[in-house]
Amino acid sequence: MAEYEWYLSDLKKVKKNNYKVFSCFSCGGGSSMGYKLAGFDVIGNCEIDKRINEIYIKNHNPKYNYCMGIQEMNKLKDFPDELYRLDVLDGSPPCSTFSMAGQREENWGKSKKFREGQASQILDDLFFEFIDLAAILKPKVIVAENVKGLIMGNAKGYVNLIIKKFEDIGYKVQLFLLNAATMGVPQKRERVFFIATRKDIQFQKLILNFNEKPIKYGEIKDSEYKPFGKDTMIYNRWKKRIKNDSNLGDTVKRTENGKISSFNTQYLKDDRVPNTIAAGGSLPVRFDVPGYATERDIKIIQTFPQDYDFLGSNVQYICGMSVPPIMMKKIAEQVKIQLLDKLLK
């Protein structure tokens, strides 16, 4: 079985190491699963959304669970001793205001609610709250994931502030722009990773070079698909596609007098690596057959386990909000080998 097609039950076969991880903004546990696949013990999580936290507990059974905003967690007076002896503090601060999609600068500094109805938050501040928690727990290593847009244009100013705050609390920082498609994930997904190490520990510089062979959709596609209705608008548009169309929007623009719509509905083509699985919008559309990708397709493209229990929630949303587990596995393996294992020698 390929690395990207796996089951939660497979974690029982993974050789464990003694390194402990706590995950913030854990969502469905994409990063948690990556650490577990690399042999780490993910001992707890923090997640503000009650429904998603239920899903995390169902699949991960964390020893320490904090269903609250990270701001609330930072206000707690005391934590279990294990949390003060972490090897890795992991986090993916919500990042939509830094995304390259939409009018991002206009959203900076504004409070936002997610569709689940959770507490309103100013997303720009959450990265700094995450660093505040690191200052309290003082883990050996911090791994923080975010969108590529964080290092683009005016957002670079935030990066400089983030780096300064890491340095102020006693950490050295390295930035990596990584593409999941070079890391054994059948998906083009570029993300920025901040990897910070404590200054009082003699860590070497981390090197991350991933050059795995891209995995095309034709290699992983489901034998099934969700067919369009024969009289639907999407079916009539799909019939007009041509080879050069990358998404449904290309087809619409070309055939409907320049109409702009459906550019977020990607075509899954046998000879191409799938684009990023987004949390919102339409399911990806198959180019070879008249229908949508299946939930199996989404889980494979995101490298989520096939036996993951979504508790009835939208599979695309949970997957799109999460770090691909295999992507995080590859990073965790290098953090173990290059950083943490060196301390034992």
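Student: Hi! Quick one to start: which strand does Q174 lie in?
Tutor: Hi! Q174 lies in strand 8. Do keep in mind that this is a predicted model.

Student: Sure. What does Q174 touch, leaving out residues up to four places away in sequence?
Tutor: The list is F193, F194, I195, K205 and L206. Of these, I195 is the residue standing opposite Q174, and I195 is in strand 9.

Student: And what does the side chain of Q174 reach at 2.9 Å?
Tutor: That would be the backbone nitrogen of L206.

Student: Back to the strands, then. How many bridges join strand 8 to strand 9?
Tutor: Nine, and the two strands run antiparallel, with strand 9 covering residues 190-198.

Student: What's the strand order in the sheet?
Tutor: The order is 3-2-1-4-7-9-8, in an open sheet of seven strands with mixed pairing.

Student: Which strands stand at the edges?
Tutor: Strand 3 (64-66) and strand 8 (171-179) do. Each has a single partner strand, so one side of each is left without a neighbour in the sheet.

Student: How much twist is there from one strand to the next?
Tutor: The average is 20°.

Student: And what does helix 2 touch on the sheet?
Tutor: Helix 2, residues 50-60, packs against strand 2 (41-46) and strand 3. The direction of helix 2 makes about 165° with that of strand 2.

Student: Changing topic: how many residues are in the largest nonpolar core?
Tutor: It has 58 residues, and those with the most contacts inside it are Y35, F40, V88, V141 and L178. Helix 12 (residues 325-340) supplies the largest share of this core, eight residues.

Student: What is V141 in contact with, neighbours within four places in sequence aside?
Tutor: Quite a list: D87, V88 and L89, then I195, A196 and T197, plus F203, V335, L339 and L340. I195 is also the residue opposite Q174 that we talked about.

Student: What about another core, apart from that one?
Tutor: There is one of 33 residues, and C46, M68, L83 and F127 are among them.

Student: Last topic, confidence. What's the mean pLDDT of the protein chain?
Tutor: The mean is 91, and 91% of the residues reach 70 or more.

Student: Where does pLDDT stay under 50?
Tutor: One such stretch is residues 99-105, which has twelve contacts beyond four places in sequence in the model. Residues 107-121 are also below 50, and that stretch has 37 contacts in the model beyond near neighbours in sequence.

Conventions:
Residues are numbered from 1 along each chain as its sequence is written. This is a predicted model: local features need pLDDT of at least 70, side-chain atom pairs count only at pLDDT 80 or more; totals for chains, interfaces and linings use all residues. Side-chain values use heavy atoms; hydrogens and water are left out. A nonpolar core is a set of buried Ala, Val, Leu, Ile, Met, Phe, Trp, Tyr and Cys residues joined through side-chain atoms within 4.5 Å. Buried means under 20% relative accessible area, exposed over 50%, partly exposed in between (1.4 Å probe, protein chains only). Helices (H or I, at least four residues) and strands (E, at least two) are DSSP runs, numbered from the N terminus. Contact means heavy atoms within 4.5 Å. Two strands pair if DSSP finds at least two bridges between them. Axes are lines fitted to C-alpha atoms, for helices over the stretch in contact, and angles run from 0 to 180 degrees between N-to-C directions. pLDDT is the predictor's confidence in each residue, from 0 to 100. A polar contact is a pair of N or O atoms within 3.5 Å; within protein, one must be able to donate a hydrogen and the other to accept it, and residues adjacent in sequence count only if both atoms are side-chain atoms.
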